[in-house]
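User: Please take a close look at one strand of this model and at the sheet around it. I should like a connected account of its surroundings.

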Amino acid sequence: MKTMNDIKSATEKSISPKKVITAIKSETAHFVIGLLCVIFGVYLLLAFSSFFFTGGNDQSILTHPEGNELLETGNKIQNYAGARGAQLAQYLINDCFGIPAYFIIVFLIVAGMRLMKAYQFRLQRWFVGCTVVMIWTSITLGFAFDGTFENSFIYPGGLHGYNVSQWICSQIGTPGLILALFVTAVLFATLITRETMPFMRKVFHPTLRKQSQAHSEEVKAESDNKNRADKKTMAETSVQTPNDIKVEPQTNVSPTEEATETFPEIPMTMQETKETESDVQVTAQEYSQQENVKEESDEQDEPLFEIDHTPTDEVEDVTHRDVTQPYNPRLDLEHYKFPTLDLLNTYNDNEPTINMEEQNANKDRIIRVLRSFDIEISSIKASVGPTITLYEITPAEGVRISKIRNLEDDIALSLSALGIRIIAPIPGKGTIGIEVPNANPRIVPMSSVLASKKFQETTFELPIALGKTITNEVFMVDLAKAPHMLVAGATGQGKSVGLNAIVTSLLYKKHPSELKFVIIDPKKVEFAIYAPIEKHFLAKLPDGEDAIITDVTKVVQTLNSLCVEMDTRYDLLKKAGCRNIKEYNNKFINRQLNPEKGHRFMPYIVIIIDEFGDLIMTAGKEVELPICRIAQLARAVGIHAIIATQRPTTNIITGTIKANFPARVAFRVASMMDSRTILDRPGAQQLIGKGDMLYLQGNDPVRVQCAFVDTPEVERIANYISEQQGYPTAFMLPEYVDDSADSGGAAEVDMNRLDPLFEDAARLVIYHQQGSTSLIQRKFSIGYNRAGRIMDQLEHAGIVGAANGSKARDVLCMDENDLEMRMNSLKNE
Ligand SMILES: Nc1ncnc2c1ncn2[C@@H]1O[C@H](COP(=O)(O)OP(=O)(O)OP(=O)(O)O)[C@@H](O)[C@H]1O
């Protein structure tokens with residue numbers, strides 16, 4: 001007979017054995033230390049409590065022991081915790097903090113529980129909280145009981161409390177001390193709970209208190225009524241519930257004009273939201289209890305509690321946290337430090353230096369060539385970029401731009417330098433641009449773009465600093481808006497450096513909780529440098545060995561799995577009534593979405609596919625179809641694709657791909673045809689290589705010198721990140737099972753090949769009395785398809801009822817005995 005622990009362990013199956021062994025090593029140590037803390041805490045509790053009864057007797061022995069009396073077996077110490085316990089109690093209570101020394105015990109037990117992973121307390125908060133309260137109470141008691149100090153064997157505030165209160169009194173007098181104690185108490189309460197401010201307002205303004213009470217009752221009554229009515233459907237209407245409740249108080253509140261004027265509404269609303277949220281939780285519990293009411297067993301609550309609250313790894317369970325505070329996605333890795341700029345190379349010749357000789361020579365040549373075509377110019381202006389100079393020419397009156405446009409190729413030929421590009425006219429201006437490569441091109445270091453104010457202060461969701469424009473401005477794009485990017489260029493022209501610049505920009509701006517990369521690298525070498533950041537920034541298939549995907553079959557599986565993830569995200573967005581990931585995450589952060597109902601904070605996912613051409617050649621449609629699906633739909637759910645190829649041919653960059661990848665980056669290509677394939681226009685064949693690129697989004701391409709980031713720099717960044725605490729595993733993509741290779745459909749359920757998780761899933765739905773596929777999916781970290789198949793098998797076995805639209809299925813099995821009987825009959829069939 002399996003137990004609840006089996007169900008717990010099932011959720012952890014996705015962790016590989018090697019990792020489990022390493023995890024257990026440190027986990028065991030934590031557990032033992034935690035246990036010792038708890039035991040020591042209990043021992044102190046015994047010693048302290050006994051001290052109140054036996055302290056008087058023990059005190060004289062402790063202060064004047066006869067020789068080694070305390071070490072002897074026959075000492076007269078009466079404390080239940082023996083001589084050492086009596087000493088500890090005497091020291092911590094009387095010599096230190098008085099009765100508030102009990103907070104030491106509280107902290108020991110809390111720390112022990114946290115180390116044992118029994119509860120996910122936030123230790124720092126508890127430490128500060130216990131220390132502050134202990135010191136404050138000690139001083140208060142020391143002050144309040146200073147009269148009884150001489151006459152009792154217990155010093156309620158301890159020597160600390162007595163001495164400190166006496167000293168403060170001597171400095172600022174008794175009223176000063178009372179005020180100081182009051183102020184510190186209010187300050188502390190304000191810091192730890194938001195309710196202090198509205199509470200204090202109510203203290204100062206009694207009218208508001210009455211209104212607020214009446215209002216709370218009203219809201220509670222409303223909420224109770226609603227919950228009673230919704231009880232049956234609650235499991236599937238999670239998203240509506242918090243929303244509905246959040247709106248209701250506003251429509252029901254009818255504060256007097258005076259109150260509305262005197263107090264801002266925000267604190268009121270916050271308080272109301274919190275009340276209703278806790279109502280939701282109570283009702284959810286009530287719901288499962290009432291479903292189990294036939295069993296009339298209180299014990300049934302325990303397994304329910306155990307399943308829900310078992311953290312599968314070091315990552316804290318969001319449901320455990322203080323729901324009055326906004327959810328902080330960064331909390332799991334709250335000490336994560338973003339890579340620093342000193343990890344990047346700096347180059348001395350950063351500042352542009354203008355070679356006047358070169359500029360004048362170029363100017364003369366341009367004027368001469370144009371004259372030879374009978375084109376007079378009225379002015380010429382040069383903008384010197386890192387690798388290219390743009391000469392902006394204003395034609396003399398009467399010269400038609402169309403004439404110049406027609407002569408474009410001839411002029412380029414006459415200037416005959418490599419990399420000349422003529423822009424006639426410059427969009428939005430009546431001028432002509434001629435781009436001429438500099439004799440001494442300068443590198444644009446990655447450090448210079450990342451250190452720029454523009455990048456540092458950007459508000460882009462997924463900022464990518466690609467390099468610098470011809471006018472030396474940092475060129476940035478928001479991948480979230482792009483939303484998918486095609487990078488192409490002949491071999492050796494800077495594509496890999498460009499992709500590294502993209503990844504580096506994102507690593508400098510995003511926390512591991514906010515972004516995951518799926519890296520597909522058929523060449524197997526280019527992206528291996530990112531392997532160390534697997535547990536921070538990479539996503540992979542549950543059974544994937546390496547997070548950097550190099551094998552074509554795995555590529556197909558991964559892309560399909562991303563489609564499943566995309567569909568799941570769409571479902572969640574729909575349930576939450578949100579249009580895009582940003583709105584959804586904001587709602588989740590503000591705790592308007594219930595994690596118990598499958599909602600979760602969604603990191604952005606950036607898919608990077610290098611050598612896309614090779615993939616299409618080997619896997620064709622199998623790769624193209626999911627890519628196009630993702631490219632068509634995934635923008636709203638925060639999944640963005642960047643595909644790179646050195647073969648910009650039409651059989652690789654097909655019409656569908658082009659239609660769905662609006663942002664295009666072209667490095668130098670071999671022919672005008674290639675340029676047309678990527679950008680729908682010529683130009684990329686005239687680039688000079690080494691990171692010289694055209695970026696197209698919309699109408700006109702922008703010439704950019706790509707920022708240069710070298711492999712050792714990327715290695716340093718990856719190491720810097722990997723040395724910090726990460727998640728236990730890479731971000732797990734949903735499992736993808738090829739439906740075409742599978743029977744599928746409830747009618748064809750094969751009960752002879754029950755899913756290995758069948759029994760555990762049965763137990764899960766029975767405990768929750770809720771036949772929900774997403775519950776199974778979530779608890780066992782499996783894909784939606786597999787969870788759906790398990791649900792079909794459960795239906796076939798008569799454990800759950802038939803599908804019920806969007807609502808959870810009815811659970812037909814009442815308890816474990818019932819399930820056991822059904823399992824036996826299944827085995828005998
Ligand atoms: N932005 C840049 N600034 C300066 N030099 C660059 C830049 N990008 C690339 N280079 C130079 O060009 C070389 C080739 O670049 P990279 O490896 O990115 O080419 P690639 O197009 O990815 O080639 P392949 O397709 O063979 O991988 C680099 O080693 C570097 O010397």
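Analyst: In this predicted model, one pairing within the sheet gives a convenient point of entry: lysine 516 stands opposite isoleucine 605 in β11. That position belongs to the pairing of strand β8 (residues 515-520) with strand β11 (residues 604-609), which is parallel and extends over six bridges.

Both strands are part of an open sheet of ten strands with mixed pairing, in the order β6-β5-β15-β14-β13-β7-β12-β11-β8-β10. At the edges stand β6 (474-478) and β10 (548-549); each has a single partner strand, so one side of each is left without a neighbour in the sheet.

Strand β7 (residues 485-488) merits the closest attention. In the strand order, β7 is placed between β13 and β12. Four bridges connect β7 with strand β12 (residues 639-645) in a parallel arrangement, and alanine 488 is opposite threonine 645 there. Towards strand β13 (residues 663-666), β7 again runs parallel and is joined by four bridges; here alanine 488 has alanine 666 as its bridge partner.

The faces of β7 are covered as well: Met485 and Val487 are buried on one side, and Leu486 and Ala488 are buried on the other.

Two helices contact this strand. Helix α18 (residues 495-509) lies across β5 (463-469), β7, β8, β11, β12, β13, β14 (692-696) and β15 (702-706), and runs at about 130° to β5. Helix α25 (residues 672-679) also packs on the sheet, where it touches β7, β13 and β14. The direction of α25 makes about 155° with that of β13.

Conventions:
Residues are numbered from 1 along each chain as its sequence is written. This is a predicted model: local features need pLDDT of at least 70, side-chain atom pairs count only at pLDDT 80 or more; totals for chains, interfaces and linings use all residues. A residue is buried if 20 or more other C-beta atoms lie within 10 Å of its own, exposed if 12 or fewer, and partly exposed in between; C-beta atoms are placed from the backbone. Two strands pair if DSSP finds at least two bridges between them. Two residues are in contact if their C-beta atoms, placed from the backbone, lie within 7 Å. Axes are lines fitted to C-alpha atoms, for helices over the stretch in contact, and angles run from 0 to 180 degrees between N-to-C directions.
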